[in-house]
Amino acid sequence: MDLFLQLTFAGLAIGSIYSCVALAVVMIYQATDHFNFAQGEMAMFSTYIAWTLVGLGAPVWLAFLLAVGLSFLAGVAIERVIVKPVENAPVLNQIIVFIGLLVIFNAVAGWIWEFTIKPFPSLFPADLGFKSTLIGPHHIGVIALTLGVLALVFAFFRFTRVGLAMRAAAANPDSARLVGVSVGWMLALGWGLAAAIGAVGGILVAPIVFLEPNMMAGVLLYGFAGALLGGVSSPGGAVLGGLVVGVLENWVGQYVPGGSELKLTFALILIVGVLVFKPAGLFGRVVVRRV
Amino acid sequence: MAFLEVRALEAYYRQTQALFGVDFRLDEGSITAILGANGAGKTTTLRAICRMVRTDGEVVFDGQDLSGLSTERVVRLGIAHVPEGRGTFVRQSVEENLVLGAYTRKDKAGIAADMESVYGYFPRLGDRRRQQAGTLSGGEQQMLAIGRALMLRPKLMLLDEPSFGLAPLIVQEIYEIMARIREREGTSMLLVEQNASLALAFADHAYLLETGKVVMGGESELLRNDENIRRIYLGY
Amino acid sequence: MDRPNPVTPQLLAAVAVALLFAGFLPHLVSDFTSFQFTQAMAYGVALLGLNILTGYNGQFSIGHSAFYAVGAYTAAILLYHFEWNHYATLPVAALVAFAVGFLFGLPALRLEGLYLALATFAFAVATPQLLKFDAFEHWTGGVQGLFVPKPEPLIEGLSADQSLYYVTLAVMVLLMALAWCLLHSRSGRAMMAIRDNPIAARTMGINTALYKTTTFGISAMYTGIAGALSVFVTEFVAPDAFNFFLAVNLLIGSVVGGIVSIPGVIFGGLFLVFLPNFAQDISRTYPFVPPPWAIFGIFLILVIYFVPFGVWGAVERAFAWWKRRPAGSGR
C-alpha cells in the first residue's frame, strides 16, 4: 500500500509538471489551432538559462524568476519575428517552422552547454519541517508551486481585461479586432505566457530528470498526452489530464511488465488511443465544423 | 468636408475585386443606408471602412484619413462595426461581451454607466447577464451585438443587416430601439440592409449599390419615390 | 475525355540524359563519393514516400523515421540472423513496412492534419526506446544494434561501392517510375482530390478511408525500402540512429527538394548528405557559427519563408515562365 501511495504522489508531482507543459500547449493551440512542437525545447532552454544564473551565483529562486521572465519575453519575440510570417500559411509550413525552432534550440543548447548531464538544484529546501515516507520535499514543492502558478494563470484569464481580450482574440479574431483588440499582440502574449509556463515546468523537472538538451522530449510527449486526454479545447481539462497521465505513468512503470522501459511507448499508445476513441478528450467539446 | 467621406473606394478579396470606385458621404448625426442586391458590395463597403479587406481609394473620417490604419486603430477612432452574422463571442457571457465592447476605454465609471444604459435599451440582455452569449436567440444576439457596439461610445456605428434572419416582430423591436438610441445619443449610423423599405423608412439618406458601384443616391424620400427602386427593391 | 498524354518526348529525353549521367558518375568520382551518392539516393527513396503521403495526399507525418527503422531492422535481422541474400531482404522490408504503415494508418485515418502530425511525432520519439527494449534484444541487438556485411559486387570489375551504387540507382529509378505511374493513374488523381477537398472527394464516391490508409502504407513502404538500402550502405543498425532527428531530416529533405514533386527527392537526398558536411566545415572553421543542426533549422525556416515549393518547385516555375514568355523576347 505504501508503495502504491508513493507512486501516486510522485505521479502527481511529475504530473503537475506535465500539466504545465499541457497548459502551454493548449494556450497556443486555442489561440492559433497549432501544436507548438518546440514547446519542450523552449522550456529546456529556459532551464539552462536558470542553471547558468545559478552558476553565476544567483539564489535559485531569483534564477527561477529571471528565467521565467526572460522566457516570457523570448516567447513574445519568437511569435512576432519567426511565427508571424507564416500566420496564414498552410498547416505544413507552420509545422515545419515549429520543427525548425525545435532543432535550433536543441542544437544551440548542446553547443553552448554541451550534451553532458548536469545536476540541477531543487527550488525547495530538503527539510520542510516534517518527514514523510510517502512523498519527498521536492515533490511537495512541485505540486504546490505548479498549482499556485496554474491558479494565477486562471485568475489572469478569468478576471483581467487583457485575459478577457486574449480569450476573445482566440475565439473570434475578427470580432476582437472590431472591439479594438490587437489580435497580433494577443497571440504574441499567448506565446510569451506559454513560454513562461513551460519554463516553470522545465525548471521543476530538471532536478528529477537531470538537465540535458534532450530532457524535454519525453516530458513534451507526456504534456501532449495530458492535453489530449483532458481535451485541447479545455485548459482546466489539460491540467487534469497532465496529472492523470503522471500518475498513470508511474503505475504502468511499476505494475506492467516492461512498463518502466517503454514509457515513451506508453505515451504513444495514450496519444493514439485518446485521438482514436475520444478525440475531444475527457473535458473538451466536440468541435463541429461547417463545411 | 463631411463627417465620413468615401471617394473612389475599391476593395479586393485576394485577386478578386469587389468594389469598383464607391463614392458617398455621411453627415454627422445622420443615418445613411446602403441598399443593394446580394453581392452588390454592401458588406464589403463596411469592411473596407474598417480596413478588414485590402482597399484602394480614400476614406476620411472626422478629418482623418483611414487608409493605412489597422482595424483596431479605426475602432479606437470611434467607429463601431456591428458585423454581418453579429460576431458575438459565443463562449463568453453577455456581460463579458459588453466589457469587451469597451475594451479601448479606460473610464471605469463611464463603462459601468453605459452598461446599465445598454441594459436599459435591451432589458432582455439585462436578464441574461451571466448567460453564455452562444445560448441566446438570434434576436438577442443581434441586440447584444448592438449593445457591444454602444459600449465603445461610438461616433459612428456601422450596422450590417440588423434584420438578417430574424422574425418580423423582432426586427421591428430592434429598429424601434435603434431609433431610440439615435434620438438619445445622436450617434451617426451607416446602415446596410437588404430590406429596402425598412432601411428607407429609418434612414435620412440612402445610396444604391450595384456590382460594386454607387448607381444612385440622395434623400431617402427621393429614392422611395423613384420608379425603378420601387419596382425592383420595394416590390410594389 | 481526352487527356494529353503525360509522356512527352521532352520528358523521355530528359530522363535519358539524367540516366546516362547517373550511369557514368561512379567512374568519374572516387569510391567514397559514389558511396555518398548511394546514401543520397537511399534518402531520395525515403523522401519519395514522404512526398506521396504529404505532397500528393495531404497527410502529415513527422515520424517517418519509424518506418525507415522498420525497413532497416527487417533487412538487418534477415541478414544477421538468417544470412539472407541482401537483395532478397528488400521485398520483405517493403512488405513489413507497408504492413506497419497500413496498421498505423488505420487509427491515423480519423486524425486530420495536426493530430496526425502529433501521433506520428509520438511514434518517432518512441521508436528508439522500442528498439532498445529488452524483450526484443535477442533480435535487435539492443542498444548495440547489429553489424551486417556489405553486399558483394554484382558484376566483376566493379568495386563493392560502385555495385551498390548501381543497385540503389536501379531501385530508385524503378520506384520513381512506379510513383509517377501511380500519381498519373485514376488512383493518383483520387489521392490528390482527397488532398485538395476531402469532402468533395467523398461525395464523388471516392473511398477516402481506404485511399488514405493505403497511401500511408505505400508511403511507409517506400521509406522502409530506403531504410533497408541504408543498411547496405552503412553496414550497421543502432536504435539511436532512428531518433526524432532522422524524421526531421526526412522532412527537411522533402521540403528542400519540393514536397509536391517526384524528381525533387534527388535534390533532397543530395542536400541531406552534403549539407551537413558543408555546415560542419563552416562551424569548424568559424568558431562563432552555430553547430550544423542549428544551421539546418535556420535553413529550414528560411526555405519555408522564401521557397516553400522547394528546388523542384522552383525549376517548374522557371520552366513555366520560360514557356509563357512571348516568342522572340528571349533574344
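Which residue of β9(B) does B:Ala33 stand opposite? The partner is B:Ala206. That small pairing is a good place to start a tour of this predicted model, which has chains A, B and C to explore.

## How confident is the prediction?

The model as a whole scores ipTM 0.90 and pTM 0.88. Chain A has an average pLDDT of 89, and 98% of its residues reach at least 70. Within chain A, helix α3 (residues 60-83) has the highest mean pLDDT among the elements, at 96, while helix α11 (residues 263-277) has the lowest, at 85. For chain C the average pLDDT is 86, with 95% of the residues scoring at least 70. A general word of care: where pLDDT is low, the predicted coordinates should not be read in detail.

## Who touches whom?

Two pairs of chains are in contact, and chains A and C share the most contacts. Chains B and C, on the other hand, do not touch: 19 Å separates their nearest C-alpha atoms. The table sets out the two interfaces.

| Interface | Residues taking part | Buried area | Share from carbon and sulfur | Salt bridges | Residue pairs in polar contact |
|---|---|---|---|---|---|
| Chain A and chain B | 22 residues from chain A, 22 residues from chain B | about 1,900 Å² | 59% | two | six |
| Chain C and chain A | 43 residues from chain C, 46 residues from chain A | about 3,900 Å² | 83% | zero | four |

## Where chain C meets chain A

Let us look at the contact between chains C and A. About 3,900 Å² is buried there, with carbon and sulfur atoms giving 83% of it. On the chain C side, the residues that lose the most area to chain A are C:Leu114, C:Tyr115 and C:Leu118, which together make up 17% of what that side buries.

What about polar links? The count of salt bridges between chain C and chain A is zero, although four residue pairs are in polar contact, both partners having pLDDT 80 or more. Four helices of chain C each give two or more residues to the side that touches chain A: α4 (86-108), α5 (113-132), α11 (244-257) and α13 (292-306). The largest share comes from α5(C), with twelve residues. By type, the residues on this side of chain C are 37 nonpolar, three polar and three charged.

## Where chain A meets chain B

Now turn to the contact between chains A and B, which draws 22 residues from each of the two chains. It buries about 1,900 Å², and carbon and sulfur atoms give 59% of that area. Three residues of chain A, namely A:Arg161, A:Leu178 and A:Val179, supply 36% of the area that chain A buries against chain B, more than any other three residues.

Which residue of chain A forms a salt bridge with B:Glu96? That residue is A:Arg158, and the closest N and O atoms of the pair are 3.3 Å apart. The interface has two salt bridges in its count, along with six residue pairs in polar contact, both at pLDDT 80 or more. From chain A, α6 (161-171), α7 (173-178) and α8 (183-209) each supply at least two residues of the side that touches chain B. Of these, α6(A) provides the largest share, six residues. This side of chain A divides into ten nonpolar, six polar and six charged residues.

## The strands of chain B

Chain B has an open sheet of four strands in the order β2-β1-β4-β5, with antiparallel pairing. Strands β2 (16-26) and β5 (64-65) stand at the edges with a single partner strand each, so one side of each is left without a neighbour in the sheet. The partnership of β4 (residues 54-61) with β5(B) is antiparallel and rests on two bridges, and B:Phe61 stands opposite B:Gln64 in β5(B).

The opening pair belongs to another set of strands. Strand β3 (residues 31-36) and strand β9 (residues 205-210) of chain B pair in the parallel sense over five bridges, and here B:Ala33 faces B:Ala206. β9(B) also pairs with β10 (residues 213-219) of chain B, this time in the antiparallel sense over six bridges. One bridge links B:Glu210 to B:Lys213 in β10(B). β9(B) and β10(B) form a hairpin with two residues between them, and in the turn B:Thr211 has a positive phi of about 35°.

Key
Residues numbered from 1 in each chain as written. Chains lettered and ligands numbered in written order. Predicted model: local features only at pLDDT ≥ 70, side-chain atom pairs only at ≥ 80, totals over all residues. Heavy atoms only, no water. Contact = heavy atoms within 4.5 Å. Buried area = accessible area lost by both parts, 1.4 Å probe. Salt bridge = Lys/Arg side-chain N within 4 Å of Asp/Glu carboxyl O. Polar contact = N/O pair within 3.5 Å; in protein donor to acceptor, adjacent residues only side chain to side chain. Nonpolar A, V, L, I, M, F, W, Y, C, P; charged D, E, K, R; others polar. pLDDT = per-residue confidence, 0-100. Pairing = 2+ DSSP bridges.
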